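Please open the model in your viewer and keep the sequence panel beside it, since this tour moves from the whole chain to single residues and suggests a selection at each stop.

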Amino acid sequence: MGPRFFVGGNFKMNGTQAFLKNLIDSLNSSQLDRDAEVVIAPPSLYLDQCRKQANKEIGVAAQNAFNASSGAFTGEISPEQLKDLGIEWVILGHSERREIFKESDELIALKVAFALKTGIKVIACIGEKLEERESGKTFEVVTRQLQAIAKQINDWTNVVIAYEPVWAIGTGKVATPKQAQEIHEYIRKWLKENVSEATAENTRIIYGGSVNASNATELAKQHDINGFLVGGASLKPEFVNIVNARI
């Protein structure tokens, strides 16, 4: 069987109360693959609305959280505050946080560790930029990002790893199934050799990077791809087709 298929929808900085109400109404009434775990990540100010509206089978994630319980951290939200709203997940280390907001591997790893300690499950994002891929540094970059997290945590039970090649996010480009499988296989091998065999077998490694209804089925057939982190397509009706990619 392998790990349970996982599909996350990262809404990024998109949506209004009315738009998200319609979107979740549609998700609630759709026939979703019962064997897939579905998690949506709205902007933080709509987390409460979405958690209250979405069916209990649909998880809700924040798009970021800080590595402190409270304090003078203007603009940040804490894992405790997420728990207070009944939010189960948080996305950490997304390339947009790394690139635009200059979050380091070390800070991301501290955030991952703190969220897990607080009881929030983590979608931890890793991936290389175009120049890194073209210069043959993909494995080096992915290893560096994984090592930073591994230094801070021992238990990966509540971690989903999202491999997102930065060059394929929002560009319309997508890694071929073969390219994606190659990296996912490498990540699983790294976990086996550096964490444990059980962690390698049980950790879900999902793919993100311009996933849509037309490419999801082929990607889902790859042995080491356990699901998707979907960007723009998660705001469209085709998100249901992506969730159901294996049916």
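How many positive and negative side chains does the protein have, and how far apart do the centres of the two sets lie? If you select the charged side chains of this predicted model, you will find 28 positive and 30 negative ones, and the centres of these two sets lie 2 Å apart.

Next, show the whole chain as a cartoon, in which 11 helices and eight strands can be traced. The radius of gyration is 17 Å, close to the 18 Å that the globule rule gives for 247 residues, so the protein is as compact as a globular protein of that length. Along its principal axes the C-alpha trace spans about 45 × 45 × 35 Å. Switching to a surface view shows an accessible surface of about 11,800 Å², with 49% of it belonging to carbon and sulfur atoms, while 53% of the 247 residues count as buried.

Now hide the surface and go inside. In soluble globular proteins, nonpolar side chains tend to be buried together. Here the largest nonpolar core has 67 residues, and the members that touch the most others are Val90, Ile187, Tyr207 and Phe228. Colour helix 5, residues 105-118, and you have the element that gives this core its largest share, six residues. A second, separate core of 12 residues can be selected afterwards, with Ala61, Trp89, Cys125 and Ala162 among its members.

Return to the larger core and centre on isoleucine 187, which, leaving out residues up to four places away in sequence, touches Ile126, Val142, Leu146, Ile161, Tyr163 and Ile205.

The following stop is isoleucine 108, which is placed in helix 5 and is buried, with a relative accessible area of 1%. Beyond residues up to four places away in sequence, isoleucine 108 touches Leu92, Gly93, Arg98 and Glu103. If you draw a C-alpha to C-alpha distance from isoleucine 108 to tyrosine 186, it should read 21 Å, across a separation of 78 residues in sequence.

Finally, select glutamate 37 in strand 2, residues 36-41. Is this glutamate 37 buried or exposed? Its relative accessibility is 14%, and because buried means under 20%, glutamate 37 counts as buried. Setting aside neighbours within four places in sequence, the contacts to display around glutamate 37 are Arg4, Phe5, Phe6, Val7, Trp89, Lys121 and Arg204.

How values were computed
Residues numbered from 1 in each chain as written. Predicted model: local features only at pLDDT ≥ 70, side-chain atom pairs only at ≥ 80, totals over all residues. Heavy atoms only, no water. Core = buried A, V, L, I, M, F, W, Y, C linked by side-chain atoms within 4.5 Å. Buried < 20%, exposed > 50% of the residue type's maximum accessible area, 1.4 Å probe, protein only. Helix = DSSP H or I, 4+ residues; strand = E, 2+ residues; numbered from the N terminus. Contact = heavy atoms within 4.5 Å. Rg over C-alpha atoms; globule rule 2.2 N^0.38 Å. Areas by Shrake-Rupley, 256 points an atom, 1.4 Å probe, with all protein chains shown as cover. Lys, Arg positive; Asp, Glu negative; His and termini not counted. Charge placed at Lys NZ, Arg CZ, Asp CG, Glu CD.
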